[in-house]
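This briefing introduces a structure to a reader who has not met it before. Please keep the sequence and the structure at hand while reading.

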Amino acid sequence: MSALPIVSITRRETFSSCHRLHSPFLSDEENKKLYGKCNNPNGHGHNYVGPVDQQTGMVMNVHDLKQYMQQAIMDPLDHKNLDQDVPYFKAVVSTTENLAIFIWDSLQKVMPKPQLLHEVKILETEKNHVVYRGGTTFPRKKFDSSSLHPGNHNHVSSDSD
């Protein structure tokens, strides 16, 4: 029996959301220093876009993929305030990295064959892209910026570009 080629498909969806970068584990002052203008109490918005990769042949029925994406991404996220309208972000800072993890986890729950999911890629801006392919290297626990950058709380998120 000959080896079968491995082909992947990608579907692009665009959604608009707003969010505020604010950790419940930091004081208001620490949040302002760490996240800068992205800590605006009223939030700030993005149009999130995924890449387009037109492949021929089917790994998965694209119509089915569209339905999974509608259920896991568009319904819970499109035109929502991530921090206020999406329960997951009540305890998790709404960075694009955490958004990618949320989307991955949501797709895994609705896909009958979640092993077919290869990656979640979010183009937050023209310059900032996040890719998540599942798995962890560190446990996701309480966010503590001092452990990442001891003594320095003047970092600005990628949202600022």
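**Overview**

Among contacts in the chain (heavy atoms within 4.5 Å) between residues at least 6 apart in sequence, 69% join residues at least 24 apart. The model is a predicted one, in which local features need pLDDT of at least 70 and side-chain atom pairs count only at pLDDT 80 or more, while totals for chains, interfaces and linings use all residues. Residues are numbered from 1 along each chain as its sequence is written, and side-chain values use heavy atoms, with hydrogens and water left out.

**Composition and surface**

- The chain contains five helices and five strands; helices (H or I, at least four residues) and strands (E, at least two) are DSSP runs, numbered from the N terminus.
- Read from the N terminus, the order of elements is β-α-β-α-β-α-α-β-β-α.
- Of the 161 residues in the chain, 35% are buried. Here buried means under 20% relative accessible area, exposed means over 50%, and partly exposed lies in between (1.4 Å probe, protein chains only).
- About 10100 Å² of the chain is exposed, and carbon and sulfur atoms supply 51% of that area. Accessible areas come from the Shrake-Rupley method with a 1.4 Å probe, and for residues only the protein chains shown count as cover.

**Helix 1**

- Helix 1 spans residues 28-35, and its buried residues are Asn31, Leu34 and Tyr35.
- These residues lie on the same side of helix 1 because they cover an arc of only 75° around the axis; the arc is that of the directions from the helix axis to the C-beta atoms.
- The exposed residues Glu29 and Lys32 sit on the face of helix 1 turned away from its buried side.
- Gly36 follows helix 1 and has a positive phi, near 55°.

**Strands 4 and 5**

- In a regular strand the side chains alternate between the two faces of the sheet.
- Strand 4 (residues 120-123) shows alternating side chains: Val120 and Ile122 are buried and point to one face, whereas Lys121 and Leu123 point to the other and are not buried.
- Strand 4 runs antiparallel to strand 5 (residues 129-132), and four bridges join the two; strands pair if DSSP finds at least two bridges between them.
- The connection from strand 4 to strand 5 is a hairpin through five residues.
- Within this pairing, Ile122 stands opposite Val130 in strand 5.

**Nonpolar cores**

- The largest nonpolar core has 24 residues, and those with the most contacts inside it are Phe15, Ile73, Leu77, Leu99, Ile103, Leu107 and Val120. A nonpolar core is a set of buried Ala, Val, Leu, Ile, Met, Phe, Trp, Tyr and Cys residues joined through side-chain atoms within 4.5 Å.
- Helix 2 (62-77), helix 4 (96-110), strand 4 and strand 5 are the elements that give two or more residues to this core.
- Apart from this core lies another one, of six residues, including Leu21, Leu26, Cys38 and Val93.
- Leaving aside residues up to four places away in sequence, Val120 touches Ala100, Ile103, Trp104, Leu107, Val130, Val131 and Tyr132.

**Salt bridges**

- A search of the whole structure finds two salt bridges, each being a side-chain nitrogen of Lys or Arg within 4 Å of a carboxyl oxygen of Asp or Glu.
- Glu29 pairs with Lys33, with the closest N and O atoms 3.3 Å apart. Both residues lie in helix 1, four residues apart, about one turn of the helix.
- Glu29 counts as exposed at 52% relative accessibility, and Lys33 counts as partly exposed at 43%.
- Arg133 pairs with Glu119, with the closest N and O atoms 2.7 Å apart. Arg133 lies in the loop between strand 5 and helix 5 (145-148) and Glu119 in the loop between helix 4 and strand 4, so the pair ties together parts that are 14 residues apart in sequence.
- Arg133 counts as exposed at 52% relative accessibility, whereas Glu119 counts as partly exposed at 27%.

**Residues in loops**

- Pro114 is found in the loop between helix 4 and strand 4, and its relative accessible area of 23% makes it partly exposed.
- Pro114 and Trp104 are ten residues apart in sequence and 9.6 Å apart in space, C-alpha to C-alpha.
- Most residues other than glycine have a negative phi.
- His79 has a positive phi, near 55°, although it is a residue other than glycine.
- His79 lies in the loop between helix 2 and strand 3 (80-81) and counts as exposed at 63% relative accessibility.
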